[in-house]
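User: I have a model open and want to go through its fold piece by piece. Can you take my questions one at a time?

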Amino acid sequence: MHGEYKVPGGKLVVVDVDVDVEHGVLRHARVAGDFFLEPDEALDAVNQALDGAPADTDAAGLAARIDAALPEGTVMYGLTSEGIAVAVRRALAHATDWTDYDWQLIHEGPQAPALHMALDEVLTAEVAAGRRPPTLRVWEWGAPAVIIGSFQSLRNEVDPEGADRHGIEVVRRISGGGAMFVEPGNTITYSLSVPEALVQGLSFQDSYAYLDDWVLGALGDMGINAWYQPLNDIATDQGKIAGAAQKRIVGPDGGAGAVLHHVTMAYDIDADKMLDVLRIGREKLSDKGMKSAKKRVDPLRRQTGLAREAVIARMIDSFRLRYGLSDGNVTHEELTRAQELARTKFTSPEWTARVP
């Protein structure tokens with residue numbers, strides 16, 4: 001079995017391993033990659049640590065075996081014991097890789113916030129059913145909005161008077177996480193709708209880092225040193241610039257499904273308006289080590305000096321160079337279903353206030 005995993009902020013780890021079915025243990029593990037490791041014998045120690053490990057050992061257990069076996073003074077660069085363990089679990093889960101797919105790009109004109117929520121649900125369900133290839137969808141916002149997480153309390157997150165004063169629509173999405181304040185021209189949002197096989201062998205947290213890695217590379221090409229900050233933020237030394245959220249969708253008849261991973265990035269932000277619309281509590285800020293919500297977000301406009309359209313174009317180019325990307329569109333059938341879902345679900349008071 002073969003597994004690959006790019007360590008977040010690091011290098012590619014490749015593992016080939018067999019399973020002794022009779023005894024239920026790993027055999028003949030061979031770790032490779034473009035990482036740096038000293039001394040040379042440390043690689044043999046890693047392989048030996050994996051040999052004989054029960055095949056159902058989780059990533060934490062495998063990492064502990066590796067750590068215990070490493071020679072004293074071992075130095076890893078671009079590599080971690082956890083990264084090796086994840087690569088092993090992905091091999092055992094028969095996980096796929098980004099380059100195993102023909103990726104499709106959807107980047108269409110501005111849409112209403114509720115329709116964006118519906119498109120996420122419909123397109124990811126189509127990927128789960130095998131009727132759509134893995135898709136990168138870049139959003140264009142047709143109106144300002146606050147998008148609250150699936151499990152957030154409406155009254156705790158949004159000041160209705162502030163929302164009315166600024167003409168801000170409130171929509172609830174299907175994924176968890178926190179509230180997003182978005183305005184056309186100030187926000188960059190994209191969705192990945194991917195087969196579940198792409199994140200097989202990854203923990204929930206690791207899947208965030210894995211699916212965010214390409215955009216960290218794109219930001220790096222624009223001169224921004226960005227990193228994944230657990231559980232769902234992308235940050236720089238200037239502050240948070242993006243937040244991610246996920247939703248798992250089961251496939252037909254309960255089979256293998258798909259993962260929706262969407263990210264909202266602050267290109268620019270009207271912080272005063274945001275604070276007038278969102279109820280950002282002191283406790284939420286205190287765990288970030290911040291005294292002011294304005295300091296939590298540092299927009300891409302200031303950090304890159306590029307126009308929003310240029311940032312988006314560079315992100316798309318980066319994805320295309322890494323994994324390949326053909327231009328596509330929302331089909332008529334998908335759009336019709338999404339429009340109906342936007343009408344019956346995402347604009348309904350029952351859904352928006354399902355957690356009052």
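User: In which sense do strand β8 and β10 pair?
Analyst: This is a predicted model. Strand β8 covers residues 145–148. β8 and β10 are joined over three bridges. Their pairing is antiparallel.

User: Which residue in β10 stands opposite Ala-145?
Analyst: β10 spans 180–182. The residue there that faces Ala-145 is Val-182.

User: What is the strand order of the open sheet of three strands?
Analyst: The pairing in this sheet is mixed. β9 (169–172) and β10 (180–182) are the edge strands, each pairing on one side only. Neighbouring strands are turned by 20° against each other on average, direction ignored. The order is β9-β8-β10.

User: At about what angle to β9 does helix α4 run?
Analyst: Helix α4 takes in residues 113–128. α4 lies across both β8 and β9. Against β9, the angle is about 15°.

User: How many residues are in the largest nonpolar core, and which helix gives the most to this core?
Analyst: The largest nonpolar core has 71 residues. Among those with the most contacts inside it are Trp-98, Trp-103, Leu-192 and Met-315. Nine residues come from the top contributor, which spans residues 204–221. That contributor is helix α7.

User: How many residues does the second, separate core have?
Analyst: Its members include Leu-123, Trp-141 and Ile-174. Ala-145 also belongs to it, and this residue stands opposite Val-182 in β10. The second core has 23 residues.

User: Which histidines are in contact with Tyr-190, leaving aside neighbours within four places in sequence?
Analyst: Tyr-190 is among the residues with the most contacts inside the largest core. Its partners include Leu-136, Val-138, Trp-139 and Asp-212. Trp-214, Met-265 and Met-315 also touch Tyr-190. The histidines are His-261 and His-262.

User: Where are the buried residues of helix α2: on one face or spread around?
Analyst: Leu-62, Ala-63 and Ile-66 are buried in α2, which runs over residues 59–69. Seen down the helix axis, the buried residues fall within an arc of 100°, so they line one face. On the other side, Ala-60 and Ala-68 are exposed. The answer is one face of the helix.

User: What covers the buried residues of α2?
Analyst: The buried set includes Leu-62 and Ile-66. Their cover includes a strand and two helices: β3, α1 and α3.

User: Which residues does a cis peptide bond join, with omega of about -5°?
Analyst: Most peptide bonds are trans. One cis bond joins Pro-230 and Leu-231, but its omega is about 0°. That Leu-231 is found in the loop between β12 (227–229) and β13 (233–236). The bond with omega of about -5° joins Glu-38 and Pro-39.

User: Where does Pro-39 lie?
Analyst: Pro-39 follows a cis bond from Glu-38. β4 covers 36–38 and α1 covers 41–50. Pro-39 lies in the loop between β4 and α1.

User: What is the phi of His-28, and where does His-28 lie?
Analyst: Most residues other than glycine have a negative phi. His-28 is not a glycine, yet its phi is positive, at about 55°. His-28 lies in strand β3, residues 25–33.

User: Is His-94 buried or exposed?
Analyst: His-94 is placed in the loop between α3 (81–92) and β6 (104–107). His-94 has a positive phi of about 55°. Its relative accessibility is 57%, and exposed means over 50%. His-94 therefore counts as exposed.

User: How does Lys-11 count by its relative accessibility?
Analyst: Lys-11 sits in the loop between β1 (2–6) and β2 (12–20). Beyond its close sequence neighbours, Lys-11 touches residues including Tyr-5, Asp-34, Phe-36 and Tyr-77. Its relative accessibility is 29%, and buried means under 20% while exposed means over 50%. Lys-11 counts as partly exposed.

User: How compact is the protein for its 356 residues?
Analyst: The protein has 13 helices and 16 strands. Its radius of gyration is 22 Å, close to the 21 Å from the globule rule. The protein is therefore as compact as a globular protein of that length.

User: What percentage of the residues of the protein count as buried?
Analyst: Buried means under 20% relative accessible area. Of the 356 residues, the buried share is 51%.

Note on methods:
Residues numbered from 1 in each chain as written. Predicted model: local features only at pLDDT ≥ 70, side-chain atom pairs only at ≥ 80, totals over all residues. Heavy atoms only, no water. Core = buried A, V, L, I, M, F, W, Y, C linked by side-chain atoms within 4.5 Å. Buried < 20%, exposed > 50% of the residue type's maximum accessible area, 1.4 Å probe, protein only. Helix = DSSP H or I, 4+ residues; strand = E, 2+ residues; numbered from the N terminus. Contact = heavy atoms within 4.5 Å. Pairing = 2+ DSSP bridges. Axes fitted to C-alpha atoms, helices over the stretch in contact; angles between N-to-C directions. Arc of directions from axis to C-beta. Rg over C-alpha atoms; globule rule 2.2 N^0.38 Å.
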